[in-house]
Amino acid sequence: MEDHALLLMDRIKSSSDGTQREIKDATTSSYTLLADDIGFFLSVSCEPVRNDWARGPIVLSEKIGPIIPGPPTCQSLEFLGSFVEGERLNFIASYSGG
């Protein structure tokens, strides 16, 4: 690969019936799985582009998956109210996964 080569990355979401669609804005070497990805297979395509815009052949990875849900993880927990006997406490929880 030349010093100033550019790699164009796409991620393709495939359902079990073989239908494929690109994942919008998934164009870097890193991708965070989302709830929308659950049940789908993912693959990555890469088209190398040199600094003079000469293009190499597109390479498609194997499909991985299906993506499964992860366990819920509590990211923050905040109590509201007075910590006095007989008083009502409320809480605000923020979580992801599941």
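## Working through a predicted strand-only model

L77, F79, F83, L89 and F91 make up a nonpolar patch on the surface, and together they have about 570 Å² of accessible area. Keep in mind as you go that this is a predicted model.

**Exercise 1. Find which strands each supply at least two residues of the nonpolar patch.**

Step 1: Start with the members, which are L77, F79, F83, L89 and F91.

Step 2: Look up the strand ranges. β5 covers 73-81, and β6 covers 89-96.

Step 3: Put the two together. β5 and β6 are the strands that each give the patch at least two residues. F79, for one, sits in strand β5.

**Exercise 2. Work out how the rings of the aromatic pair are arranged: stacked, edge-to-face or tilted.**

Step 1: There's one aromatic pair to look for in the structure. Its partners are F79 and F83, with ring centres 6.2 Å apart.

Step 2: Check the angle. The planes of F79 and F83 stand at 65° to each other, and planes over 60 degrees apart count as edge-to-face. So the F79–F83 pair is edge-to-face.

Step 3: Now see how open each partner is. F79 has 47% relative accessibility, so it counts as partly exposed. F83 reaches 63%, so it counts as exposed. The cut-off behind that call is that exposed means over 50%.

**Exercise 3. List the salt bridges that a search of the whole structure finds.**

Step 1: Remember the idea: side chains of opposite charge can pair when their charged atoms come close.

Step 2: The search turns up two salt bridges. One joins the side chains of E47 and R55, at 3.2 Å from N to O. R50 and D52 form a salt bridge as well, and their closest N and O atoms are 2.9 Å apart.

Step 3: Take the R50–D52 bridge and ask how accessible its ends are. R50 is partly exposed because its relative accessibility is 34%, and D52 is partly exposed because its value is 47%.

**Exercise 4. Describe what is unusual about the backbone at P66 and at W53.**

Step 1: Have a baseline ready. Most residues other than glycine have a negative phi, and most peptide bonds are trans.

Step 2: Go to P66, in the loop between β4 (59-60) and β5 (73-81). The peptide bond leading from G65 to P66 is cis, with omega near 5°.

Step 3: Look around P66. Leaving out residues up to four places away in sequence, it touches G39, F40 and F41. D37 is 29 residues from P66 in sequence, yet their C-alpha atoms are 8.6 Å apart in space. With a relative accessible area of 43%, P66 is partly exposed.

Step 4: Now W53, which lies in the loop between β3 (41-49) and β4. W53 isn't a glycine, but its phi is positive, near 70°. At 58% relative accessibility, W53 counts as exposed.

**Exercise 5. Sum up the protein chain: how many helices and strands are there, and what share of its residues is buried?**

Step 1: Count the elements. The chain has zero helices and six strands, giving the pattern β-β-β-β-β-β along the sequence.

Step 2: Check burial. The chain has 98 residues, and 16% of them count as buried.

Step 3: Turn to the surface. The accessible surface of the chain is about 7,800 Å², with 55% of that belonging to carbon and sulfur atoms.

Step 4: Finish with contacts. Take those between residues at least 6 apart in sequence: 42% join residues at least 24 apart.

Terms used
Residues are numbered from 1 along each chain as its sequence is written. This is a predicted model: local features need pLDDT of at least 70, side-chain atom pairs count only at pLDDT 80 or more; totals for chains, interfaces and linings use all residues. Side-chain values use heavy atoms; hydrogens and water are left out. A salt bridge is a side-chain nitrogen of Lys or Arg within 4 Å of a carboxyl oxygen of Asp or Glu. Buried means under 20% relative accessible area, exposed over 50%, partly exposed in between (1.4 Å probe, protein chains only). Helices (H or I, at least four residues) and strands (E, at least two) are DSSP runs, numbered from the N terminus. Contact means heavy atoms within 4.5 Å. Patches are made of residues with over 30% relative accessible area and no salt bridge: like charges are joined within 9 Å, nonpolar side chains (Val, Leu, Ile, Met, Phe, Trp, Tyr) within 5 Å. Accessible areas come from the Shrake-Rupley method with a 1.4 Å probe; for residues, only the protein chains shown count as cover. Rings of Phe, Tyr and Trp (its six-membered ring) pair if their centres lie within 6.5 Å; planes under 30 degrees apart count as stacked, over 60 as edge-to-face and the rest as tilted.
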